[in-house]
Amino acid sequence: MSLWLLQQTLLLSLICSILLLGHSRLQKHFGAHKTYTLWMLLPLLLLSSILVNYVPTQLFPVQSNQIAYYSVQAGKAIKQSESSWYSQALTVIWLIGLSTMSLALWLQGAYLRTLLQTAKKVEGLASYLATYSHEKVHSPMLVGVIHPKIILPTGFVNLSPLQQRAIIEHEQYHHQRLDLSCNLLAYGILAVFWFNPLFWIAYRRFRNDQELACDAKVTATLDTAEKIVYSKLLLAYSQQASHGLLHTHYGNKHILKERIMQMRTHQQGQSGLAVIGLTVALGLSSLLLNQQVLAGDDKNPEIHPVIRIEPAYPAAAVEANQNGFVVMQFDIAPTGEVNNVEVIKSSPTAVFDASAIKALKQWRYSESKTGAKGSLVQLDFVVEAPVSDIEKVKVTSK
């Protein structure tokens, strides 16, 4: 899981960087609607990664013929977890962050449900969605993924028919485009990758692009005077608007200037083929990088344990001052567990075998897509380790 998170945060960061750094050019060339659509690259890339990673889990098991050597000294039968402690600590921290993000989402949902219970229904508006008003709401908003409703400030009835129509059209367009569902998806991605600051910036930009696209839709048929009225409406509602997780935010003071400047020049943008071409190009390049990372992971013959249990040195061998070794062959499951342990060579025969097998079955390796077949390890049992400054010479018989 941690390896997959690391791979995806690198790839998605690349896409986010392109969309953020090139945002002004993209919006100028493609328009607000198509620039907003480009953010769909992120969930599509994640979906493709999940399919690539977890569907063919056992199709091509890795063959590992390299042999790993470990020394076992008498009196040091200590359980080791060489790198697992900080890996587990990072996992706990990630889970805490994910839980916090989930709690924030639940709390806002509870707040909106309470708000709707005390809201007053507004009749007589040209809206196909149910409309309500509440004194605690200072900016129009769309709430409810399954049963969408528009909640309006209490002063909404005092606006002109043009202003009322513009607001209703704005929120209805959010509903027609399934923006609330998109917001949940975007927040879900942010919750998984909360540790990456770039994702927070990208999430804010995504939400702002959402509002820009709605503005472009509403003002497409307005004349200059009507656009000025709409701009004043934005100014009035942007002062106290909140950035909600489960609702849209009509007013947004952080991009107020950007929204007003957009209305000065109506943007049709380039044809849909251009944005489709860019989406395909970015998606294929990112997917290619993802495939290369996965391929590199599968072909890497160097497999190291993250949890290595030290075998117990047999008491009889210690008393006899007896050294030896055991060579074992085994398989590694995708989860990192050790299976099918088999002794293929040992010396002295059967002296250290049982202890070595018992320890190896408790080892754990990093998670991978396919695991590994035929891995080899040699455990050298040494009563007393040689002095470090003594020259080691390997002698073989002829």
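**Close-up 1. Asn-321, an exposed residue in a loop.** In this predicted model, Asn-321 has a relative accessibility of 56%, so it counts as exposed, the cut-off being over 50%. Look for Asn-321 in the loop that runs between helix 12 (315–319) and strand 9 (324–332). Its backbone is worth a glance too: phi is positive at Asn-321, at about 55°, even though this residue is not a glycine. For background, most residues other than glycine have a negative phi.

**Close-up 2. The loop between strand 10 and helix 13, home to Ala-350 and Pro-348.** Two residues catch the eye here. Pro-348 sits in the loop between strand 10 (338–347) and helix 13 (353–360), and the peptide bond joining Ser-347 to Pro-348 is cis, with an omega of about -10°. As a rule, most peptide bonds are trans. Ala-350 also belongs to the loop between strand 10 and helix 13. Though not a glycine, Ala-350 has a positive phi of about 70°. Is Ala-350 buried or exposed? With a relative accessibility of 56%, Ala-350 counts as exposed.

**Close-up 3. An open sheet of four strands.** Reading across this sheet, the strand order is 4-5-7-6, and the pairing is mixed. Which strands stand at the edges? Strand 4 (120–121) and strand 6 do, and each has a single partner strand, so one side of each has no neighbour in the sheet. A general point helps when looking at any such view: in a regular strand, side chains alternate between the two faces of the sheet.

**Close-up 4. Strand 5 alongside strand 7.** Strand 5 (residues 130–133) and strand 7 (residues 149–152) run parallel, joined by four bridges. To find your way along the pair, start at Tyr-132, which stands opposite Ile-151 in strand 7. Then look at Ser-133, which has Leu-152 of strand 7 opposite it.

**Close-up 5. The hairpin of strands 6 and 7.** Strand 6 (residues 141–143) is joined to strand 7 by three bridges, and here the two strands run antiparallel. Val-143 has Lys-149 as its bridge partner in strand 7. Together, strand 6 and strand 7 make a hairpin with five residues between them. One residue in the turn is Gly-144, where phi is positive at about 95°.

**Close-up 6. Helix 7 packed against helix 8.** Two packed helices are described by the angle between their axes and the distance between those axes. For helix 7 (residues 179–192) and helix 8 (residues 197–218), the angle is about 170° and the axes are 10 Å apart. Angles over 145 degrees count as roughly antiparallel, so that is the word for helix 7 and helix 8. On the helix 7 side, the contact is made by Asp-179, Cys-182, Asn-183, Ala-186, Tyr-187, Ile-189 and Leu-190. Helix 8 brings Phe-199, Trp-200, Tyr-203, Phe-206, Arg-207, Gln-210 and Cys-214. What kinds of residues make up the contact of helix 7 with helix 8? They divide into 10 nonpolar, two polar and two charged.

**Zooming out. The chain as a whole.** Stepping back from the close-ups, the chain has 13 helices and 12 strands. Of its 398 residues, 44% are buried. The accessible surface of the chain is about 21700 Å², with 61% of that belonging to carbon and sulfur atoms. Among contacts between residues at least 6 apart in sequence, 76% join residues at least 24 apart.

Key: Residues numbered from 1 in each chain as written. Predicted model: local features only at pLDDT ≥ 70, side-chain atom pairs only at ≥ 80, totals over all residues. Heavy atoms only, no water. Axes fitted to C-alpha atoms, helices over the stretch in contact; angles between N-to-C directions. Parallel < 35°, antiparallel > 145°, perpendicular 65-115°, else oblique. Contact = heavy atoms within 4.5 Å. Nonpolar A, V, L, I, M, F, W, Y, C, P; charged D, E, K, R; others polar. Pairing = 2+ DSSP bridges. Buried < 20%, exposed > 50% of the residue type's maximum accessible area, 1.4 Å probe, protein only. Areas by Shrake-Rupley, 256 points an atom, 1.4 Å probe, with all protein chains shown as cover.
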